[in-house]
Every structure is written in C-alpha cells, then in structure tokens.
Amino acid sequence: MKEVDLEELIKRSKERATQLLIETENCAYSPFVALLEALNIKASPELIATSIGFAGGLSGSGHLCGALWASIAATSIYMKRRIDEEKGGKQNEPFIAYHIELHNKVTDIYRQFVNAFGSPNCRDLNPRFDLISPEQRKKCTVIVRKSVEITLRSLLGGGK
C-alpha cells in the first residue's frame with residue numbers, strides 16, 4: 001500500500017473509531033468495527049457483538065484493554081485470512097507453525113501498544129474505571145485511536 005493511501009486510511013479509521021466510541025462508549029467495539037471496515041473484513045453481527053463484552057478490560061474487570069483486544073482480534077482475523085490464501089488453506093504443518101506469522105504480528109502490536117501506554121491493562125490505563133470525566137474520555141479516545149493506528153501500520157505498512 002502506498003504511504004499516502006495508508007495515511008488516509010489510518011486517518012479515516014481513527015475518525016470512524018472515534019465516532020463509534022462517542023456513540024457507544026465501548027472501547028473494544030469501536031476500534032474493532034473501524035479496523036474490520038479498514039481491512040475490508042465482512043463480519044456477521046454475532047462476530048461484531050463479541051467485542052462488546054471486552055470493554056473496560058473484560059466488562060469492567062480491568063484486565064486487557066478493550067482497544068488492545070480489538071487490535072488483537074482484528075489482526076488475528078486478517079492474518080488468518082492472509083495465511084490461508086498464501087498457503088492455499090492447507091495446513092501441512094503443526095497448528096502453531098502454520099500460524100506463526102499471525103502470532104508474531106500480534107506480539108508486535110501488543111509490544112507497540114505497551115510501549116505507547118505503559119501497560120496492556122485497563123486498570124492501569126483507567127484506574128478508577130471512570131467513563132464519565134472528560135479527562136478519561138479524552139484518554140480513552142487517544143488509546144482507541146492509537147490502537148487503530150498501530151494495527152493498520154503493522155498490518156499494511158510494514159510495522160513502522
């Protein structure tokens with residue numbers, strides 16, 4: 001993908017994720033939908049619904065950030081499709097070996113997210129599980145937008 005096209009896709013996808021975050025207040029659903037759209041992944045309503053419960057680090061429990069979950073889930077779907085296309089869908093090797101590129105890409109995205117925010121966990125990024133204050137809404141918006149950017153750059157731009 002050309003750099004100009006990638007930059008435009010990232011910009012549009014971040015705006016879409018922000019719009020969805022404002023509408024839903026769900027930090028997992030909004031980047032997941034925006035990423036699926038950007039990656040041209042058609043998903044059933046049921047698949048999209050899987051994202052809803054991951055907001056707040058698994059329904060407010062403070063574990064893995066919902067935006068990071070969305071990045072990992074969208075990456076897994078995208079990479080699985082790409083691997084199957086490249087290998088003709090024939091898994092002639094152990095499961096892990098067949099999917100090693102997927103695992104490596106997820107590891108890369110995870111590390112970039114942690115480097116950007118200091119933790120993968122919602123309880124560290126939003127310690128009071130505050131969804132009301134303008135300060136925390138702004139912070140969660142930044143996290144959602146950055147997770148979309150990290151994912152698209154890693155998948156489509158060589159991980160820069």
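What share of the contacts in the protein chain with a separation of 6 or more is accounted for by residues 24 or more positions apart? In this predicted model, such residues account for 64% of those contacts.

The secondary structure of the protein chain consists of nine helices, with zero strands. Read from the N terminus, the order of elements is accordingly α-α-α-α-α-α-α-α-α. The C-alpha trace extends over about 50 × 35 × 30 Å along its principal axes. The radius of gyration of the protein chain is 16 Å, in agreement with the value near 15 Å for a compact globule of 160 residues.

With respect to solvent, 42% of the 160 residues of the protein chain count as buried. The surface that the protein chain exposes amounts to about 8600 Å², and 56% of this area is supplied by carbon and sulfur atoms. The protein chain carries 22 positive and 19 negative charges, and the mean positions of these two sets are 2 Å apart.

The cysteines were examined for covalent pairing. A disulfide is a covalent bond between the sulfur atoms of two cysteines. Under a cut-off of 2.5 Å between cysteine sulfur atoms, the model contains zero disulfides. Cys122 is in no disulfide, and its nearest cysteine sulfur, that of Cys27, lies 6.0 Å away. For Cys140, the closest cysteine sulfur is likewise found in Cys27; no bond is assigned because the distance of 6.2 Å is too far. Both residues are shielded from solvent by the criterion of under 20% relative accessible area: Cys122 counts as buried because its relative accessibility is 8%, and Cys140 is buried with a relative accessible area of 18%.

Two residues other than glycine were noted for their backbone conformation. Asn40, which is not a glycine, has a positive phi of about 55°. Asn40 is placed in the loop between α2, residues 29-38, and α3, residues 45-49. Leu58, also not a glycine, has a positive phi of about 80°. In contrast to the loop position of Asn40, Leu58 belongs to helix α4, which comprises residues 55-58. The side of the cut-offs on which Leu58 falls follows from its relative accessible area: at 45%, Leu58 is partly exposed, since this class lies between the limits of 20% for buried and 50% for exposed residues.

Definitions and conventions: Residues numbered from 1 in each chain as written. Predicted model: local features only at pLDDT ≥ 70, side-chain atom pairs only at ≥ 80, totals over all residues. Heavy atoms only, no water. Helix = DSSP H or I, 4+ residues; strand = E, 2+ residues; numbered from the N terminus. Rg over C-alpha atoms; globule rule 2.2 N^0.38 Å. Buried < 20%, exposed > 50% of the residue type's maximum accessible area, 1.4 Å probe, protein only. Contact = heavy atoms within 4.5 Å. Areas by Shrake-Rupley, 256 points an atom, 1.4 Å probe, with all protein chains shown as cover. Lys, Arg positive; Asp, Glu negative; His and termini not counted. Charge placed at Lys NZ, Arg CZ, Asp CG, Glu CD.
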